[in-house]
Protein chains: 2
Amino acid sequence: RGWIVTSYDGLQGWVLVFLIGIVTACFAAGVDIAAEWGSDLKDGYCTESLRLNRNFCCANITNNGLDLNDDNKCDKWNSWSQAIRIHDESDAKLFDFFAYVVVALLFATGSALLVKYNSLYARPSSKSSARIENIEPKRKELKPYAAGSGIPEVKTILSGFVIRGFLGIRTLWIKAISLAMVVSAGMTLGKEGPFVHIACCIGNVLSRLFHKYNKNEGKRREILSASAAAGVSVAFAAPIGGVLFSLEEVSYYFPSKTLCRSFFCAIVAAVSLKLIDPFNTGKIVMFQVSYNKDWHVFEIVNFLILGVLGGLFGASLCKLILLYTKYIRNRTWLKQWPVVEVMMVVVITAAVNFGNKYTRMSNTELIFGLFSECTNEKEHDGLCDNSFNGMFEAFYLLGLALISKFLTCVITFGIRVPAGIFIPALLVGACFGRMLGIVMQYLTMTYPDFPIYSTVCNQNINGDCVIPGVYAMVGAAASLAGVTRSTVSLTVIMFELTGTLTYVLPIMTAIMISKWVADGIIKHGIYDLLIDLGGHPYLDSKTEYDGANTTFTTTLDLCQRDLEVIDVNDLNTIGELKNKLKKLSTSGYSDAGFPIVDNKILVGYIASTELEHALSLAHGSDNLTRCYFKDENVIDKSANFTAYVNQAPLTISKNASLEIVLELFKKLGLRYVIVVDRGQYVGVINKKRLLIYLRQITGKDMNNTL
Amino acid sequence: RGWIVTSYDGLQGWVLVFLIGIVTACFAAGVDIAAEWGSDLKDGYCTESLRLNRNFCCANITNNGLDLNDDNKCDKWNSWSQAIRIHDESDAKLFDFFAYVVVALLFATGSALLVKYNSLYARPSSKSSARIENIEPKRKELKPYAAGSGIPEVKTILSGFVIRGFLGIRTLWIKAISLAMVVSAGMTLGKEGPFVHIACCIGNVLSRLFHKYNKNEGKRREILSASAAAGVSVAFAAPIGGVLFSLEEVSYYFPSKTLCRSFFCAIVAAVSLKLIDPFNTGKIVMFQVSYNKDWHVFEIVNFLILGVLGGLFGASLCKLILLYTKYIRNRTWLKQWPVVEVMMVVVITAAVNFGNKYTRMSNTELIFGLFSECTNEKEHDGLCDNSFNGMFEAFYLLGLALISKFLTCVITFGIRVPAGIFIPALLVGACFGRMLGIVMQYLTMTYPDFPIYSTVCNQNINGDCVIPGVYAMVGAAASLAGVTRSTVSLTVIMFELTGTLTYVLPIMTAIMISKWVADGIIKHGIYDLLIDLGGHPYLDSKTEYDGANTTFTTTLDLCQRDLEVIDVNDLNTIGELKNKLKKLSTSGYSDAGFPIVDNKILVGYIASTELEHALSLAHGSDNLTRCYFKDENVIDKSANFTAYVNQAPLTISKNASLEIVLELFKKLGLRYVIVVDRGQYVGVINKKRLLIYLRQITGKDMNNTL
């Protein structure tokens with residue numbers, strides 16, 4: 001029997017991540033199917049059954065479900081103009097345009113309303129010090145948790161803070177439904193960030209079923225790391241990439257055991273998705289390509305250029321989003337009218353997208369087309385046309401698409417609907433990559449004797465010396481690296497997205513260059529910028545605070561020495577303690593606690609929540625009852641608070657350097673550390689206080705992070 | 001000017017890893033070329049020039065340099081029997097056999113002698129507490145640093161200990177040369193482990209050129225992590241896999257900055273190797289395959305079986321190696337005669353290998369053949385024969401190969417030559433995988449109407465319903481997972497080895513199953529077993545010491561309370577201090593130090609090495625001079641030791657639990673922590689002492705780790 005209990009205990013975690021993987025795959029499949037149906041609804045509907053999307057509706061005609069781009073439309077699928085029988089071509093086009101915009105508007109507005117009317121109060125958790133700094137002294141505020149990418153908040157939660165309701169069951173449903181709607185609306189946003197959030201919600205909700213994980217916050221965080229991996233795994237069909245993304249970008253503390261769990265969770269999610277097969281293609285690779293040629297040495301220059309361009313685009317995307325959010329969205333009337341903002345953005349996006357054949361298709365279709373190699377000239381809507389005019393037209397339209405996608409991404413990211421940044425960043429990168437690819441193809445075709453490439457390109461003058469699709473892929477990777485600053489996870493995600501490994505070295509090189517360029521322009525990736533913008537209490541374990549080495553700050557300068565303490569020899573009556581608690585909460589550090597001293601010697605620490613709890617239990621006693629913090633022979637059991645005291649708080653000498661303090665906070669995930677001088681209590685360093693200090697020395701004023 | 005200095009400082013690290021990448025690639029290319037030449041020398045020689053290997057010698061005949069398996073031999077290449085003009089066929093075969101064994105013997109003996117006569121004394125470093133526990137009180141011993149895989153030692157070094165000379169320039173050269181020789185000898189060993197060691201040597205040697213890294217141990221360790229990634233990157237042409245291997249298996253502390261550096265280092269190494277092109281194929285992917293079919297759902301059962309088999313083989317390989325080393329190598333006369341042991345093993349291996357056409361080829365050629373898909377029946381030495389007899393013969397010979405490789409691996413791994421475990425593990429896995437593949441192929445061909453697979457296999461009865469090569473690949477991954485217990489890094493390495501991503505889900509599933517099965521048989525992977533066997537002081541950051549939660553050990557039970565302390569109020573004369581140092585070194589904790597107290601209150605800590613250094617500077621003074629540890633007005637500057645005292649040692653309350661102590665040691669990489677009770681000194685917990693304790697509670701006796 002004991003053996004069964006032990007193995008059940010060990011098995012719980014595996015069962016839990018197994019369930020998370022399956023449920024995440026189901027949600028992802030649901031969102032995918034709904035979004036595909038909704039996306040097609042902008043163009044028309046299936047006469048056979050409204051519930052069918054275009055692929056399934058025309059399934060009998062096109063053998064390969066993926067090939068949406070052929071011009072011979074199937075009979076069962078009606079465009080909206082056909083539905084109301086407009087036969088004049090220009091009228092029909094105009095009507096189709098209006099129908100496209102209206103359907104997009106309906107979807108987006110519905111999504112925005114759903115998000116808005118399911119906002120939750122940002123309650124601080126009683127369990128921990130979770131609180132968003134800015135709102136603390138003010139009245140409680142409604143937070144639209146389902147909006148945005150969710151990754152910054154998940155990162156904050158994994159760093160040890162609790163945001164109540166952010167990973168709840170309501171957020172889960174709202175996010176999934178509204179995500180399907182905005183993706184249908186064809187806005188310039190992706191679903192990977194929201195999928196990570198959805199997966200984490202699933203992880204959080206399911207871990208309530210298991211006692212071991214319901215009670216232990218640390219263990220639950222490990223489960224959330226695994227869930228994040230499953231989220232990316234289903235968003236991109238990239239199980240390994242998901243594990244690495246969780247490791248590199250999302251998680252704070254990632255021990256080996258979590259790695260294994262995440263790996264398993266990602267496999268289960270990917271296999272489940274493959275078995276559900278939402279796209280009816282039997283494949284889960286999203287942008288399957290099959291380049292059959294290796295790269296030439298002279299192309300390395302182009303890949304370097306793509307790296308630089310990717311860094312420039314990625315960093316300026318980050319910067320523009322930051323500036324737009326700070327100075328336009330947050331300072332004008334837009335702040336009060338999030339739904340109107342969404343409606344404006346979707347109308348602009350739909351209107352701009354409709355005019356260009358490339359932007360009119362869904363984002364993923366466009367990326368797939370840009371990545372693809374050409375086997376004949378008619379493929380991929382003119383991208384494969386090798387004539388000068390065809391190439392010029394493709395170049396021109398892609399340039400327009402690049403500009404429109406870039407600008408709409410800036411105004412879209414951050415609005416109050418679920419929105420990820422991966423797909424827009426990939427799109428921008430794929431556009432400029434393919435443009436460079438077309439230029440190279442033109443050059444190698446027109447000047448086959450140019451010395452740099454003549455030796456390798458002379459034999460085949462029919463234009464397949466360079467593959468423009470490869471340039472699109474490398475450009476996409478570089479642009480994404482500029483936005484997120486991930487390296488390893490990004491490389492692996494690119495492989496899994498495209499299913500090809502031939503171009504590992506170009507992609508890696510471009511990613512590295514892009515990261516360097518982008519780091520030079522703006523120091524942090526988009527997620528860290530958003531964490532900063534949201535004012536989340538997040539101590540970045542990656543940043544090396546250079547100031548920490550140059551300014552000779554000691555713990556003495558850092559610590560708060562004017563905090564209330566509890567001396568065990570004082571007459572600590574209930575009334576006094578309540579007073580102290582009240583003082584603490586007005587001082588803005590209600591999540592902190594009190595050091596307990598015995599004649600200036602530190603003997604323990606009591607968290608304010610623990611003290612509150614203890615006081616509430618001792619409530620029967622009146623305000624004058626004395627409370628004890630030392631093991632004495634106390635008659636009144638309820639007034640003996642010894643059990644609530646942390647007898648072994650972590651201490652640090654007042655001579656310790658800032659570097660050591662940072663190490664402790666980063667690696668151990670502490671919330672406070674007590675400064676002592678030869679055993680005597682000196683002061684407390686709170687994480688929140690430390691963060692404020694670090695922002696000062698890194699030159700960022702607290703006022704900036706509104 | 002200041003700007004230049006700053007950016008040079010920031011750039012140093014990148015320049016360093018850039019150099020490491022290039023030099024590592026050069027060493028790898030050198031070893032590869034030498035090993036290929038030496039490998040071919042066992043069979044014969046090139047009449048044109050002895051320096052040419054078979055590939056280059058016959059370059060004009062075979063267009064594709066890789067295709068060694070065609071039977072039409074080229075004229076320029078002579079077998080040894082042709083050289084001395086033996087025309088009788090059976091005599092020739094016998095002579096070739098002898099030549100094969102003799103050449104292998106010569107190479108292996110040379111390698112073993114080289115390793116033996118370049119052993120170094122295992123000197124403890126003066127800088128740190130580096131010492132191998134068992135040899136400490138005894139006389140100093142010669143250690144053949146160039147032998148073995150090197151990964152366990154590198155892991156130990158990265159966990160914070162210094163093994164002097166292990167990463168030196170001499171070890172580097174000896175390891176590279178002797179590695180090329182043993183690989184030539186065709187023994188059942190691989191070169192990935194030694195390559196990691198070689199890369200780390202390069203990293204260590206090159207970082208001496210940069211002041212910033214020469215002086216700072218922590219920073220040098222980050223460089224070593226990056227070097228390890230470069231090592232795997234060149235060993236397997238797996239840059240991403242290398243980074244992940246370094247992260248998952250080798251490194252102890254892997255911050256985000258190191259991830260980026262490792263990524264860069266791995267790219268540089270891989271690109272350099274591609275440009276050097278040692279195999280003259282223009283490709284760096286080792287076992288390039290191009291499967292064109294997806295897997296069928298019914299095959300998942302087979303992949304699960306492969307996972308279980310992989311776990312069984314991997315774990316029993318670990319177990320047998322452990323038992324063989326412990327009870328046969330270390331307890332018999334073999335211990336005294338390492339070179340004789342090498343000679344015996346190589347003769348056995350060569351004799352066994354010669355008889356079987358599969359084992360006779362080099363290990364990598366065999367793996368390549370097993371992984372390959374079949375396009376016509378004549379390919380790959382009968383592996384593609386679809387007739388019943390052909391399949392039976394292949395099955396039979398592969399079974400023999402499996403047994404012989406498995407057994408020779410057990411006796412080979414651990415002998416005193418450079419030897420990695422990756423290739424043997426891959427081999428074993430590929431053998432049983434291909435065997436299952438052949439069985440499946442036979443079944444689908446013979447019983448095409450069997451219900452489970454009839455729906456998918458009916459159409460194509462010519463035997464290509466299942467691809468036996470895929471089974472070999474999955475089996476190889478599973479077997480490797482059973483040996484090393486890596487998950488993510490292994491999956492990525494498998495992709496990069498084969499250049500295919502189609503089989504990501506089967507490989508991941510098999511790896512996961514294999515890991516579980518293997519964990520059930522023997523708890524640790526081969527590297528952790530070897531660390532344990534070598535008695536290295538390594539605190540595994542991955543293991544969760546369950547005992548830590550169940551036994552209510554407090555820090556009081558753990559700490560040593562009988563240590564000598566230095567009281568600042570005592571008359572600490574130089575003579576007394578020297579006495580204390582001597583006592584400490586005889587107690588077996590010479591790498592520890594002394595807590596400094598002031599009337600029982602802890603005020604600091606001085607490491608024994610620091611004290612030694614301070615005493616040596618104060619040498620002019622006689623033994624009665626008083627030394628000061630407190631900032632007082634000391635006239636004799638050389639007797640003021642305050643500067644050598646760590647004023648802010650990390651302390652922990654005597655009430656703290658074992659869990660917290662472990663957290664501190666694991667995450668902060670501490671060597672000691674001081675236990676205090678209300679500021680008063682209680683005792684010291686040394687890492688070494690902690691390790692002994694942990695081994696006791698996990699049921700492993702110290703005597704076992706001889």
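Chain A and chain B bury about 5200 Å² between them, with 76% of that on carbon and sulfur atoms. Keep in mind as you look around that this is a predicted model. On the chain A side, the residues that give up the most area to chain B are A:F263, A:K667 and A:R678, which together account for 12% of what that side buries. In terms of contacts, 61 residues of chain A touch 59 residues of chain B.

So what holds polar company across this boundary? Not much turns up by the rules used here: there are 0 salt bridges across the interface of chain A and chain B, and the count of residue pairs in polar contact, both at pLDDT 80 or more, is 1. If you want to trace the chain A side by element, the ones giving two or more residues to it are α10 (239–250), α11 (256–276), α20 (488–498), α21 (504–521), β7 (601–607), β8 (651–653) and α27 (658–668). Of these, α11(A) supplies the largest share, 10 residues.

Now for how the two copies are arranged. Turn chain A by 180° with 0.0 Å of shift along the axis and it lands on chain B with an RMSD of 0.2 Å. That is the relation of a two-fold axis. To find the axis on screen, go to A:G679: its C-alpha comes closest of the residues of chain A, at 1.7 Å. The interface fits this picture, too: 97% of the interface residues of chain A are also interface residues in chain B, so the copies meet through the same surface.

Next, the inside. In soluble globular proteins, nonpolar side chains tend to be buried together. Here the largest nonpolar core has 331 residues, and those with the most contacts inside it are A:F371, A:I421, B:F371 and B:I421. Apart from it lies another core, of 40 residues, including A:I652, A:L670, B:L650 and B:L668. Zoom in on A:I421 and, leaving aside its neighbours within four places in sequence, you'll find it in contact with A:E192, A:L317, A:I321, A:C409, A:F413, A:V483, A:I526 and A:Y527.

Two of those partners, A:I526 and A:Y527, lead straight to helix α22(A), where they are among the buried residues. This helix runs over residues 526–534 and is mostly covered, with 8 of its 9 residues buried. The buried set also includes A:D528 and A:D532, along with A:L529, A:L530, A:I531 and A:L533. Just after the helix, A:G535 takes a positive phi of about 70°.

From α22(A), A:I531 takes you on to A:T156, which it contacts, as do A:F161, A:H536, A:P537 and A:Y538. A:T156 itself sits in helix α5 (residues 151–158) of chain A and, at 1% relative accessibility, counts as buried.

Another threonine worth a stop is A:T188, in the loop between α6 (169–184) and α7 (192–207) of chain A. Is A:T188 buried or exposed? At 2% relative accessibility, it counts as buried. Its contacts beyond four places in sequence are A:T349, A:N363, A:K405, A:T408, A:C409, A:T412 and A:P424. With A:T408 there is also a side-chain to side-chain polar contact, at 2.8 Å. A:C409 links back to the core, as it is one of the residues in contact with A:I421. Finally, the C-alpha atoms of A:T188 and A:V345 are separated by 9.7 Å, although the two are 157 residues apart along the chain.

Note on methods. Residues are numbered from 1 along each chain as its sequence is written. Chains are lettered from A and ligands numbered from 1 in the order in which they are written. Side-chain values use heavy atoms; hydrogens and water are left out. Copies are superposed by least squares on the C-alpha atoms of residues with pLDDT of at least 70 in both. Contact means heavy atoms within 4.5 Å. A nonpolar core is a set of buried Ala, Val, Leu, Ile, Met, Phe, Trp, Tyr and Cys residues joined through side-chain atoms within 4.5 Å. Buried means under 20% relative accessible area, exposed over 50%, partly exposed in between (1.4 Å probe, protein chains only). Buried area is the accessible area (1.4 Å probe) that two parts lose on being put together, summed over both. A salt bridge is a side-chain nitrogen of Lys or Arg within 4 Å of a carboxyl oxygen of Asp or Glu. A polar contact is a pair of N or O atoms within 3.5 Å; within protein, one must be able to donate a hydrogen and the other to accept it, and residues adjacent in sequence count only if both atoms are side-chain atoms. Helices (H or I, at least four residues) and strands (E, at least two) are DSSP runs, numbered from the N terminus.
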